[in-house]
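Visitor: Got a minute? I'd like a quick tour of this one before I get back to the bench.

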Amino acid sequence: MGDHDLDTDTMRTLRFHHYGEPADVLALETVPVPIPGPGAIRVVVRACGLAPADWALCRGLLPGQLPRGVGCDVSGTVDAVGDDVTDIAVGDLVFGTTDWANQPSAGASGRAIMDRWFAVPEGLDPTQAAALPMALSTAYWHLARLGLDRDKTILVHGAGTTVGFAAVQIALIRGMRVLATSGGTYATQLEDLGATVTAYGDGLVDRVQGISGGRVDMVLDTAPVSGALPELIQIADGDPKRVLTISDFAAAAQLGARDTFHEDPAAWTETERFGFFPEFAQLAAKGKFAIPIAGTFPLEDWRRALEVSLGGHAHGKLVLLPTDG
Ligand SMILES: NC(=O)c1ccc[n+]([C@@H]2O[C@H](COP(=O)([O-])OP(=O)(O)OC[C@H]3O[C@@H](n4cnc5c(N)ncnc54)[C@H](OP(=O)(O)O)[C@@H]3O)[C@@H](O)[C@H]2O)c1
């Protein structure tokens, strides 16, 4: 094991004590291994999926007590369970979300406290499992808000993102007709899955009209950069309420489109929020659902992963392997 701390009560963790640019505030530290409280578990982290959300947390999104770690998504082997946890045992392989908001360390660590977990089905690689939670949950939640209606036509804008790539697959699995915009990396793969794909960028409206062959019922904007909402609204026959963005919040407010923070996720039930995880983990184990992996990195190489992510064209999930090798 590269982590060298599994027999000790310390571990390495990537965390920040102040808000700021992730490259400036993040540091790899040695800290005490955390103890799971009631209703939580601790895992030896096998893989930790990174996301732009991690860098947003460093910059002060959803502020809270510091220090805090990065790495919201992990897979790992359970090595301790808190009181009231009865559905899992030490030694089980699980994936899910870390309790990043309430702990001084998160998933980019030798060990992590998890607040929500699911069994990794046989056949699902732990690295693939760690790539699932944020992309799957974000895609599913937003699609559910738009309406996962069979036979309706949806445009997923920015389907080369991990969230967009997940959204295309979910919508297809639920029987929707899917149009997508993406860069070149995953265009062929998205077509092979069953989407009709065109490029994003100048001339978007004409190109989408060219492939739609009629009405586009709804649009999910998963692009990591702003600017396309006016065209996406045009594609939805000028109706901003048929367009939901997960990233372009300022433009959504200006143009009357829907966005994450006005969909009241706090009101959703646990089943609405996570009930679909076992189904999609099973599909992933059978090779019928996947988030592309752009690269894996040992924990000490976190800066390389950060640079790729901040470059804006990661082309898949960046995954840290804290206990690999
Ligand atoms: N609201 C929420 O709850 C929530 C949750 C998670 C993520 N997000 C946000 O959702 C966005 C996507 O997240 P992610 O983790 O899936 O991102 P990501 O995979 O890191 O996004 C990178 C990808 O974006 C694509 N891209 C780059 N420029 C683009 C453009 N101008 N138009 C369309 N696509 C472009 C690139 O693929 P190609 O160029 O190859 O197509 C690139 O590989 C981010 O802005 C993130 O902050 C929001």
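**Around the ligand**

Guide: Sure. One point to start: this is a predicted model. Domain 1 (10-132 + 291-321) and domain 2 (136-265) both give residues to the shell around the ligand, so the ligand lies between them.

Visitor: Which residues come nearest to the ligand?

Guide: Gly 160, Thr 161, Gly 183, Ala 223 and Pro 224. They belong to a group of 27 residues around the ligand.

Visitor: And which elements give two or more residues to that shell?

Guide: Helix 2 (52-58), helix 4 (133-146) and helix 5 (162-173). Helix 4 gives the most, with 3 residues.

Visitor: How do the shell residues divide into nonpolar, polar and charged?

Guide: There are 12 nonpolar and 15 polar residues. None is charged.

Visitor: OK, switching to sheets. Which strands form the open sheet, and in what order?

Guide: The order is 10-9-8-11-12-13, so to speak from one edge to the other. That is 6 strands, with parallel pairing. At the edges sit strand 10 (196-198) and strand 13 (258-259), each pairing on one side only.

Visitor: How many bridges join strand 8 to strand 9?

Guide: 5 bridges. Strand 8 covers residues 153-157 and strand 9 covers residues 177-181. Leu 155 has Leu 179 in strand 9 as its bridge partner.

Visitor: Back to those helices. Which strands does helix 5 lie across?

Guide: Strand 8, strand 9 and strand 11. Helix 5 runs at about 165° to strand 8.

Visitor: And helix 4, which strands does that one lie across?

Guide: Strand 11 (218-221) and strand 12 (243-245). The angle between helix 4 and strand 11 is about 155°. Recall that helix 4 also gives 3 residues to the shell around the ligand.

Visitor: New topic: strand 6. Is strand 6 mostly covered or mostly open?

Guide: Mostly covered. Strand 6 spans residues 93-98, and 5 of its 6 residues are buried.

Visitor: What does strand 6 pair with?

Guide: Strand 5 (residues 73-81) pairs with strand 6 in the antiparallel sense, over 5 bridges. Strand 7 (residues 111-119) also pairs with strand 6, again antiparallel and over 5 bridges.

Visitor: Give me some residues to click on. What is the bridge partner of Gly 76 in strand 6?

Guide: Val 94. For strand 7, try Phe 95, which stands opposite Phe 118.

Visitor: And what holds paired strands together, in general?

Guide: Strands of a sheet pair through backbone hydrogen bonds, either parallel or antiparallel.

Terms used. Residues are numbered from 1 along each chain as its sequence is written. This is a predicted model: local features need pLDDT of at least 70, side-chain atom pairs count only at pLDDT 80 or more; totals for chains, interfaces and linings use all residues. A residue is near a molecule or strand if its C-beta atom, placed from the backbone, lies within 6 Å of it. Helices (H or I, at least four residues) and strands (E, at least two) are DSSP runs, numbered from the N terminus. Ala, Val, Leu, Ile, Met, Phe, Trp, Tyr, Cys and Pro count as nonpolar, Asp, Glu, Lys and Arg as charged, and the others, Gly among them, as polar. Domain bounds come from an automatic or database domain assignment. A residue is buried if 20 or more other C-beta atoms lie within 10 Å of its own, exposed if 12 or fewer, and partly exposed in between; C-beta atoms are placed from the backbone. Two strands pair if DSSP finds at least two bridges between them. Two residues are in contact if their C-beta atoms, placed from the backbone, lie within 7 Å. Axes are lines fitted to C-alpha atoms, for helices over the stretch in contact, and angles run from 0 to 180 degrees between N-to-C directions.
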